[in-house]
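Here is a short tour of one helix and two residues that go with it. Have a look at the model first, then read on.

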Amino acid sequence: MMLALSSQLNTYLLIGAFLFAAGFYGLVQRRSLIGMLIAGELVLSGASVNLMAFNHFLAPDPTVGQIFTLFIMGIAAAEAAIALSIIIAVYRNYKSIDAPDLHDLQG
């Protein structure tokens, strides 16, 4: 069964832009490192939705957008693994994962 949300490019671009904007807002406003990590994942998801939309509606080769999206998913998985290991190391040293409490890490 195929999901038929819309047959217009603008709908998917708006969804991707909303995910990107929500992720960017989360990166700026969140104080917790876990919240920032989740917001970063939203930014990458917004980019993936836009790439898949452009691929579906504009690209003659259907595999190009899928390859880009798989590449973004790989980068997101690596980013999550590295960020979680950094968050665990920060928590072990500072007993907190709030960004303002980490004043020693500022250059």
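## Helix H3 and its surroundings

In this predicted model, helix H3 has a set of buried residues: Gly65, Thr69, Ile72, Ala76, Ala83, Ile87 and Val90. What do the buried residues of H3 pack against? Their partner is helix H2, which spans 33-57.

H3 itself counts 32 residues. From its first C-alpha to its last it reaches 46 Å, close to the 46 Å expected at 1.5 Å a residue. Just after H3 comes Lys95, with a positive phi of about 60°.

Two residues deserve a closer look, and the table sets them side by side.

| Residue | Place | Relative accessible area | Contacts, not counting residues up to four places away in sequence |
|---|---|---|---|
| Thr69 | helix H3 | 11% | Ser48, Leu51 and Met52 |
| Leu105 | segment after helix H3 (63-94) | 51% | Val90 and Tyr94 |

Is Thr69 buried or exposed? Thr69 counts as buried because its relative accessibility is 11%, under the 20% cut-off. Thr69 sits in H3, and among the residues it touches is Leu51.

Leu105 lies in the segment that follows H3. Leu105 is classed as exposed because its relative accessible area is 51%, over the 50% cut-off. Even so, Leu105 touches Val90 and Tyr94, leaving aside residues up to four places away in sequence. How far apart are Leu105 and Val90 in space, C-alpha to C-alpha? The distance is 9.7 Å, with their positions 15 residues apart in sequence. Val90 is also one of the buried residues of H3.

Technical notes
Residues are numbered from 1 along each chain as its sequence is written. This is a predicted model: local features need pLDDT of at least 70, side-chain atom pairs count only at pLDDT 80 or more; totals for chains, interfaces and linings use all residues. Side-chain values use heavy atoms; hydrogens and water are left out. Helices (H or I, at least four residues) and strands (E, at least two) are DSSP runs, numbered from the N terminus. Buried means under 20% relative accessible area, exposed over 50%, partly exposed in between (1.4 Å probe, protein chains only). Contact means heavy atoms within 4.5 Å. The expected span of a helix is 1.5 Å times one less than its number of residues.
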